[in-house]
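Visitor: I would like a close look at a single part of this model, with its surroundings described carefully enough that I can follow along in the coordinates. Please start from the overall layout and then work inwards.

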Amino acid sequence: MSVPSKYDWMFFQSVVLLIGSAVDFFCSKLFFCPLFGFFLFIGLLYKNWLNYTEINHWGGWPNLITVSRLLLLFAVPFLDKAIDLGLLSLTVVCLDGLDGFAARKLNQTTHFGGILDMETDAFYCLLLSLTIAIQNPNLQWILLGGMLRYGYKIST
């Protein structure tokens, strides 16, 4: 019995992002994790976009909100002030609530949208914890929390 391809992608994503996080942590620079994340998410979107012919079948506005939230996350490496990181986090969290609300209100919930939202949330937690661990040597333990979801996916 073969495993569905979405699980293969999630396992691969987890391994690659944990390796990128480890390299970034030991180099004390945020580079590989966001770079790997960018290409992994492009692959996920491309793979799933080809399955649909209309935007509404792909998830419509809620998934576009999630993708915009994901794009905002790639600004994290360029933020060095706590206030900027805080404002970005506030925006990302508010958009997270908005995409779920829009999906239910517009009746545009999709299985792919659920996966995209979940993976974007996990990537947000990883990037935020990695940024905090790099910028504050006393808080390096927080990276374990950001890596927890990916470690769980690998172990299961």
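In what order do the elements of the chain run from the N terminus on? And, as the part for the close look, which residues are linked with Arg69 in a network of salt bridges?

Guide: The model is a predicted one, and from the N terminus on its elements run α-α-α-α-α-α-α, which is to say that the chain has seven helices and zero strands. Of the 156 residues in the chain, 40% are buried, and the accessible surface comes to about 9,000 Å², with 70% of that area belonging to carbon and sulfur atoms. Among the contacts with a separation of 6 or more, 72% are between residues 24 or more positions apart.

The part you ask about is a network of salt bridges that links Arg69, Asp96, Asp99, Asp117 and Asp121, in a chain for which the count of salt bridges comes to five. Arg69 belongs to helix α4, which takes in residues 60-73, and this arginine is buried, with a relative accessible area of 1%. Helix α4 has 14 residues and reaches 21 Å from its first C-alpha to its last, close to the 20 Å expected at 1.5 Å a residue. Arg69 is one of several buried residues of α4, the others being Gly60, Pro62, Asn63, Ile65, Thr66, Val67, Leu70 and Leu73.

Taking the partners in turn, the side chains of Arg69 and Asp96 meet in a salt bridge at 3.5 Å, N to O. Because Arg69 lies in helix α4 and Asp96 in helix α5, this pair ties together parts that are 27 residues apart in sequence. Asp96 counts as partly exposed, because its relative accessibility is 24%, a value that is not under the 20% required for a buried residue.

The side chains of Asp99 and Arg69 also meet in a salt bridge, here at 3.4 Å, N to O. Asp99 lies in helix α5 and Arg69 in helix α4, so this pair ties together parts that are 30 residues apart in sequence. In this bridge Asp99 is buried, and so is Arg69.

A further bridge joins Asp117 to Arg69, with the closest N and O atoms 2.5 Å apart. This pair links distant parts of the chain, since Asp117 is in helix α6 and Arg69 in helix α4, 48 residues apart.

Helix α5, which carries Asp96 and Asp99, deserves some attention of its own. Its 24 residues should span 34 Å at 1.5 Å a residue, and its end C-alpha atoms are 34 Å apart, which agrees. The buried residues of α5 are Leu85, Leu88, Ser89, Val92, Leu95, Asp99, Gly100, Ala102 and Ala103, and these buried residues pack against α4 and α6. As background to such a list, an α-helix has 3.6 residues a turn, so residues three or four places apart point the same way. Just after α5 comes Asn107, placed in the loop between α5 (82-105) and α6 (111-135). Asn107 has a positive phi of about 55° although it is not a glycine, and it counts as exposed because its relative accessibility is 67%.

For a contrast with the aspartates of the network, consider Asp24, whose place is in helix α1, residues 5-27. Asp24 is buried yet has no salt bridge, the nearest side chain of opposite charge being that of Lys29, 8.9 Å away, whereas a salt bridge calls for nitrogen and oxygen within 4 Å. The side chain of Asp24 does reach the backbone nitrogen of Phe32, at 2.8 Å. Leaving aside neighbours within four places in sequence, Asp24 is in contact with Lys29, Leu30, Phe31, Phe32, Cys33, Pro34, Leu130 and Ile134.

Also in helix α1 is Gly20, which is buried with a relative accessible area of 0%. Gly20 is in contact with Phe32, Cys33 and Phe36, again leaving aside neighbours within four places in sequence, so that Phe32 and Cys33 appear among the contacts of Gly20 as well as those of Asp24. Gly20 and Leu35, 15 residues apart in sequence, are 8.5 Å apart in space, C-alpha to C-alpha. Ser28, in the loop between α1 and α2 (32-49), has a positive phi of about 55° although it is not a glycine.

Conventions
Residues numbered from 1 in each chain as written. Predicted model: local features only at pLDDT ≥ 70, side-chain atom pairs only at ≥ 80, totals over all residues. Heavy atoms only, no water. Helix = DSSP H or I, 4+ residues; strand = E, 2+ residues; numbered from the N terminus. Buried < 20%, exposed > 50% of the residue type's maximum accessible area, 1.4 Å probe, protein only. Lys, Arg positive; Asp, Glu negative; His and termini not counted. Polar contact = N/O pair within 3.5 Å; in protein donor to acceptor, adjacent residues only side chain to side chain. Contact = heavy atoms within 4.5 Å. Expected span 1.5 Å × (residues − 1). Areas by Shrake-Rupley, 256 points an atom, 1.4 Å probe, with all protein chains shown as cover.
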